[in-house]
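Here is a short briefing for a first look at this structure. Start with the cysteines, then move on to a strand and a loop residue.

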Amino acid sequence: MAISSSSWELPLVAVCQVTSTPDKQQNFETCSELVREAARLGACLAFLPEAFDFIARDTTGTLHLSEPLSGNLLEKYTQLARECGLWLSLGGFHERGQDWEQTQKIYNCHVLLNNQGSIVAAYRKTHLYDVEIPGQGPMHESNSTMPGPRLEPPVSTPAGKIGLAICYDMRFPELSLTLAQAGAEILTYPSAFGSVTGPAHWEVLLRARAIETQCYVVAAAQCGRHHEKRASYGHSMVVDPWGTVVARCSDGPGLCLARIDLNHLRQLRQHLPVFQHRRPDLYGNLGHPLP
């Protein structure tokens with residue numbers, strides 16, 4: 001696709017698609033190669049999917065492989081962000097929180113690192129995936145994971161103000177609308193979508209969240225077979241505020257690139273001012289104001 005000379009001045013983001021396994025070191029090597037490629041291509045921010053650190057075979061393995069935010073794996077990503085000079089959205093880290101000793105459960109934590117390697121935000125997934133989809137197998141995330149207690153305010157980055165979410169959160173428009181009303185310009189849904197729900201719901205949900213919030217939506221996804229018990233749909237993508245898919249990963253591990261045009265976003269919101277037209281007198285305000 002031809003790009004006008006002015007568009008080269010827009011911030012470039014990279015969306016990374018991987019196939020995580022129980023091998024944490026191999027997963028890090030795969031992710032770090034993609035992050036370095038993103039940096040070489042000029043991206044200011046790279047997005048990694050949910051469970052970028054590992055996908056274990058069972059709950060016992062998940063708990064055994066988990067680490068605190070102060071652990072060795074996140075330190076590697078801190079060094080990687082600093083070395084490459086770009087921001088990292090680490091879309092779903094299996095975190096042993098401060099209550100690990102009491103609960104023996106973890107958090108599904110979306111960590112945002114700046115280009116100095118500092119943690120600038122950490123969102124813990126609030127909607128846990130406890131479902132039984134015919135043909136996809138049962139998933140009970142709450143067996144190993146605690147729900148997060150709160151949403152995080154959108155964070156200013158070189159690409160725009162980012163609102164943090166994770167995978168199943170995309171099915172709850174109250175969350176995305178709350179983030180948009182708090183100033184988000186980019187919504188992130190790092191994911192590991194299944195092979196049944198993926199073809200049916202993945203793209204339409206992402207486009208719906210973009211259209212109703214008038215935000216960019218960035219969705220880095222797991223793809224392929226992780227082990228004998230689990231596979232993911234892939235199809236990582238970026239959707240613009242009009243609902244157009246502006247970047248999409250091909251099959252298999254890799255990355256796609258998109259430029260974030262905040263002027264386009266602001267013009268759309270001016271031409272179609274849906275947030276000014278809301279009627280809280282009829283149906284109330286969705287969610288609670290973020291700090």
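The count of disulfides comes to zero. This is a predicted model, and the points below are computed from it. They cover the cysteines, strand β4 and Ile166.

**Cysteines**

- A disulfide is a covalent bond between the sulfur atoms of two cysteines.
- Here a pair of cysteine sulfur atoms must lie within 2.5 Å to count as one.
- Why does Cys44 form no such bond? The closest cysteine sulfur, in Cys16, is 13 Å from the sulfur of Cys44, which is too far for a bond.
- Cys167 is in no disulfide either. For Cys167 the nearest cysteine sulfur belongs to Cys223, 14 Å away.
- Is Cys44 buried or exposed? Its relative accessibility is 19%, so Cys44 counts as buried. The cut-off for buried is under 20%.
- Cys167 is buried as well, with a relative accessible area of 7%.

**Strand β4 and its burial**

- Strand β4 spans residues 107-113.
- How many of its seven residues are buried? Seven of the seven are, so β4 is largely enclosed by the rest of the structure.
- Both faces of β4 are covered. On one side sit Tyr107, Cys109, Val111 and Leu113. On the other side sit Asn108, His110 and Leu112.

**Partners of β4**

- Which way does strand β3, residues 87-95, run relative to β4? The two are antiparallel, joined by six bridges.
- His94 has Asn108 of β4 as its bridge partner.
- Strand β5, residues 119-124, also pairs with β4 in the antiparallel sense, over five bridges.
- Leu113 stands opposite Ile119 of β5.
- β4 and β5 form a hairpin with five residues between the strands. In that hairpin, Gly117 takes a positive phi near 85°.

**Ile166, a loop residue**

- Where does Ile166 lie? Ile166 is in the loop between β9 (160-164) and α5 (173-181).
- Ile166 has 0% relative accessibility, so it counts as buried.
- Leaving aside residues up to four places away in sequence, Ile166 touches Asn108, Cys109 and His110, among others. Those three are among the buried residues of β4.
- Other contacts of Ile166 include Glu50, Gly91, Tyr123, Lys125, Thr188 and Pro190.
- Ile166 and Thr19 are 147 residues apart in sequence. Their C-alpha atoms are 17 Å apart in space.

Terms used
Residues numbered from 1 in each chain as written. Predicted model: local features only at pLDDT ≥ 70, side-chain atom pairs only at ≥ 80, totals over all residues. Heavy atoms only, no water. Buried < 20%, exposed > 50% of the residue type's maximum accessible area, 1.4 Å probe, protein only. Helix = DSSP H or I, 4+ residues; strand = E, 2+ residues; numbered from the N terminus. Pairing = 2+ DSSP bridges. Contact = heavy atoms within 4.5 Å.
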